[in-house]
Amino acid sequence: MLALANIREHWRGFVAAFLAIALGAALIGVTLIVYHSARPQVQPRLAGAPVLVIPPQAVNESGTPKDRVPWGEADAATLADRLAGVDGVAGTVVDRSFYAQAFKDGRPVADDMAEDAGHGWSSTRLAPYALTAGTAPTTADEVAVDAALGVAPGERLEVNLATGPRQFRVSGTVDGPGFFFTDAQAAQLDPGVRTIAVLLENPAEAVTVAERARGVVGSAGAVVTGEERAALEPQFVAHKRFLGTQLIAAMAMLALFVTVFVVSATLALATAQRRREIGLLRTIGAHPKQIRAMILGEAAVVGLLGAVVGSLLAVLLAPLMKAVLVRLDVTPPGFAIEVAAWPLLTATAIGTGVAVVGAWAASRMAAKVAPVEALLGAQVEKRPMTRARWVFGLLAAGLGALLAVVTAVTGADDRINTALGAAMTLIVAAALLAPVIIGPAVRALTAPITRRSTSAGPMLVRAELLNATRRAAATAAPIIAAVGFAVLISGMVETMRTAYPAGETKKLAGQVLIEPDGTPGLSDAVVGEIPVGKAALPTRVFLHRPGHGVTVIDALGSRDPRWDKPGEAVLGEGTAKLFGLSAGQTVDVRFVDGKTERVRISQVLPDDPGRGAFVLPRQLVRSHDRAALTDTIFVPQANAPMTVAAGASLHDAESYARADYNTDARLTTSLAMMLIVVAVGYSGLAVANSMAMAAYGRKADFAVMRSAGGTVRQLMTFAVGETVLVAGIGVALGLLVTLPPLAGMAAGLSEVTGADISIQLNGGVVALAIVGSLLTATVASAAVTWRVIRPRTAVTG
């Protein structure tokens, strides 16, 4: 009850904390709702197969379960026959998925699912899909297609496969997506089997039949039912989900950090302005523990109220977030918002916890208020910097500097996160050490003005800020965060936009590149037209790793005469060490068609991403992975072709590098703008609140100055001048804290790309952040000061 009474009494001091927590909980709630909604779903084409049997799972290099180890054609057929004899089973279907894409008028028909669009006719039973016209395919040159493709039975259709485009006769159309060949043709195009579907006499008995099937399958695979069937989602769907999750997770993490930052700053300022009240409580016998509990209790109540409002707001914002993610093309097909209880409860708990964590420092400060402070008429800061503030400020500064150095030497995958961590740490350091910096900065900036000015205004501004450096620091802290994050994030994007294309252009100098255009990869037909140049064929292979079992890794099929030698493999040193292999040894390699070949390790060479870590002859890879596609062909400039086949495009080194980076830059830029909006929005809220609290807390001071003859104009000038000076110092600190991590990133990119990379800033974003922060602070200060000091019309009776 005491907490509620205090909140009602001092509600202005809690407004910003309430709003910050509400927004933070809303963003976290949206993140969790989207995460819940985007969880793996059972593919529509498998909806009518209540029981699926899938192969055993291999682990990747780090030991994480990854790819399934496909069965060979004979093993799959034997297992399917055994499953067909299980009581309650109406039949089994050996399901295959491989690349197939329609070409019309010499151009590929856009299809996100093309890599897994090809199937055998029997797979139509799994949805099930029904014929809308025509008949099922019966020969190797026939195919049934989706009716939505607009091709009638009997017409010819060009279908691109891994080997190249082929003409097929459309035997019929079905009411679902995909290309359905005869089962025999599908087995030729993709011999490996990753799924056996079990069809039931009574679908209601799925759990019972699945248990019987497990007895038949044993260690040869796993039997899944219900939502577990989502494990078979295509790779491109999982990749889109990953991108979308990364996008919103980064935004939620920043929101969490800024929420704690804003709540800490606002509650610290609110507590500082209640020193006389807290001193009075101490005078009448309140123990420091009780004071601390009171502050934390108030924060918990405000946090709970804000988090509840934020969780409800998350339900309203989730469709908007969905629209943003769909526009960015980072959502799986059929993505729909699904609100559940756990995301909202989790967001509420996090919001409440953040409020308590943010109030921890304020509670410690309040507990140290002495009873005598109840008698003080003026609030003079005897110790702007406490011992704890010194310790944590210096630790944060040291850690931030260390992370800035690490940014320069860390790997590409960790560079962005390390730079963000460095910036966050340095922002915290700047906020904690601001009282130390503000004093000398105020003296330096106001000295020329006070010497020349005949007005008392500059002297009052100087004296007030030197007397209340902690309050000034609390005002500057959100500005430091706003400007710091805006400059850092926009600077990272601009620096990478310059660095990566420059590095790739330098690396690819003297070459032209052929890459897919409207297709997920290049077929053998495209590669065959360009006999010169690197045209690696990617695949996945399975090897036994001592102590870890079957491990899956990436492999490349090369046509480079140095590596393209029958029965031999070339390994990078890292891969050789991982599997305990050396030159001259032989190793059994299992391919995606379920067959195993023994190959000899001809060489172990230093790691080189351009060559690959496990290189095999291209023809060997093609013989075992008949659905694989080439990513890019690298051709010497002297051998550049004049034209390329349909489904491919020709680029020089610079245009390729820019196009390749722009694919990622679209998402990076979108993420950057979202993060900037979150950071600046939060900080603007905190700035406005800090100004309001400061103005209302100085009512008595303004009244004294009015009684001493100060005019409204003079007081407004005094308040706005003080605000501009503090905000300017905050802007300067915000700019300074971003330089070390940006410099570290530029140095690291220079090392990686081999190009001379300097810090690049987005002038528009930086100017907007600076002007926005200054304007927000000035307007808030002027508006609230006017409300406090404006002349009141006397009411006469």
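Here are a few questions and answers on helix packing and one sheet in this predicted model.

Residues are numbered from 1 along each chain as its sequence is written. Local features need pLDDT of at least 70, side-chain atom pairs count only at pLDDT 80 or more, and totals for chains, interfaces and linings use all residues, while side-chain values use heavy atoms, without hydrogens and water.

User: How are helix 13 and helix 20 oriented to each other?
Analyst: Happy to help! Helix 13 (residues 469-507) and helix 20 (residues 763-789) have axes 9 Å apart, at an angle of about 170°; helices here are DSSP runs of H or I, at least four residues, and strands are E runs of at least two, numbered from the N terminus. Axes are lines fitted to C-alpha atoms, for helices over the stretch in contact, with angles from 0 to 180 degrees between N-to-C directions. Angles under 35 degrees count as roughly parallel, over 145 as roughly antiparallel, 65 to 115 as roughly perpendicular and the rest as oblique, so helix 13 is to helix 20 roughly antiparallel.

User: Which strands stand at the edges of the open sheet of four strands?
Analyst: Good one! The order is 4-13-1-14, with antiparallel pairing; strands pair if DSSP finds at least two bridges between them. A single partner leaves one side without a neighbour in the sheet, so the edges are strand 4 (89-95) and strand 14 (222-225).

User: Which residue in strand 14 does Val51 stand opposite?
Analyst: Strand 1 (residues 51-54) pairs with strand 14 in the antiparallel sense, over four bridges. Opposite Val51 in strand 14 stands Thr225.
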